[in-house]
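Work through the exercises below with the structure in view. Each task is followed by a solution in steps.

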Amino acid sequence: TLKKDKRQNLTSKYSGGAVVEIDIKSLEPRLYLALVKGIEVEDAYTYLLENVLNYKQGEIDRKKIKLAFISLLYGASINKIKSMTSLNIKDIKKIRQFLDVGTFEQKIINDYNANGYFENAYGRRITSINAPINYYIQSTAADYACIIYESLLSKLSNTGIDLIATIHDAIILDCQKDKIDEVMSVNSFNEEILNITSYFNVVRHS
């Protein structure tokens, strides 16, 4: 959780080693697309830009698409999103129509009203309906990240690669010199329960 300019001060306990961060790209938006829309892509925001809004890469700042996607997912109004992103209302409405969050939210509410709970994608029961989409996606994402990283670490060398921190959708590893390339080469991994592949950003901090 250090500011980026401070992370370079991290030091491996291994001589010549490295502290490496691995995080899952656009975890919650990609899970929504896969689980609700049946679409699995490496980059959720590029998909929206090219396939929903029909723009080419670079025509709209990717950060604006990211903010609009996440804001719509968690209930922000069109006017609020326009003020945050400066996207035009027509494009925001296209994204909202495509995501169709309201239909999925109603399904969750119906399940809750019928059973007194609803389940995330792994069948974990959630007994509060205060924020249906938020609870469903974030609980699923938390479970997904745990499963992905447990599986990934079991495939990496069992010596010289130490887990030193977890931050929701990221892990921090301390690697011996001869294991750095092995960790830096990690780019994707499939979670076998939901059968959804994760793609990683891998950053060396020291």
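The model is predicted.

**Exercise 1.** Classify the ring pair of Tyr 45 and Phe 69, and state which helices hold the two residues.

Solution. By the centre-distance rule, the count of aromatic pairs is five. For Tyr 45 and Phe 69, the ring centres are 6.0 Å apart and the planes stand at 90°. Planes over 60 degrees apart count as edge-to-face, so this pair is edge-to-face. Next, locate the residues: Tyr 45 is in helix α3 (residues 44–52) and Phe 69 is in helix α4 (residues 62–73), so the pair ties together parts 24 residues apart in sequence. Finally, check accessibility: Tyr 45 is buried at 3%, and Phe 69 is buried at 0%.

**Exercise 2.** Do the same for Phe 104 and Tyr 136, and name the cluster they belong to.

Solution. The ring centres lie 5.0 Å apart with the planes at 80°, so the pair is edge-to-face. Phe 104 belongs to helix α7 (residues 101–115) and Tyr 136 to helix α8 (residues 132–155), so parts 32 residues apart in sequence are tied together. Phe 104 has a relative accessible area of 12% and is buried; Tyr 136, at 9%, is buried as well. Ring pairs join Tyr 32, Phe 104 and Tyr 136 into a cluster.

**Exercise 3.** Is His 205 buried or exposed, and which side chain makes a polar contact with that of His 205?

Solution. His 205 is in the segment after β7 (196–204). The cut-off for buried is under 20%; His 205 has 12%, so His 205 is buried. The side chain of Glu 21 makes a polar contact of 2.7 Å with that of His 205.

How values were computed
Residues are numbered from 1 along each chain as its sequence is written. This is a predicted model: local features need pLDDT of at least 70, side-chain atom pairs count only at pLDDT 80 or more; totals for chains, interfaces and linings use all residues. Side-chain values use heavy atoms; hydrogens and water are left out. Helices (H or I, at least four residues) and strands (E, at least two) are DSSP runs, numbered from the N terminus. Buried means under 20% relative accessible area, exposed over 50%, partly exposed in between (1.4 Å probe, protein chains only). A polar contact is a pair of N or O atoms within 3.5 Å; within protein, one must be able to donate a hydrogen and the other to accept it, and residues adjacent in sequence count only if both atoms are side-chain atoms. Rings of Phe, Tyr and Trp (its six-membered ring) pair if their centres lie within 6.5 Å; planes under 30 degrees apart count as stacked, over 60 as edge-to-face and the rest as tilted.
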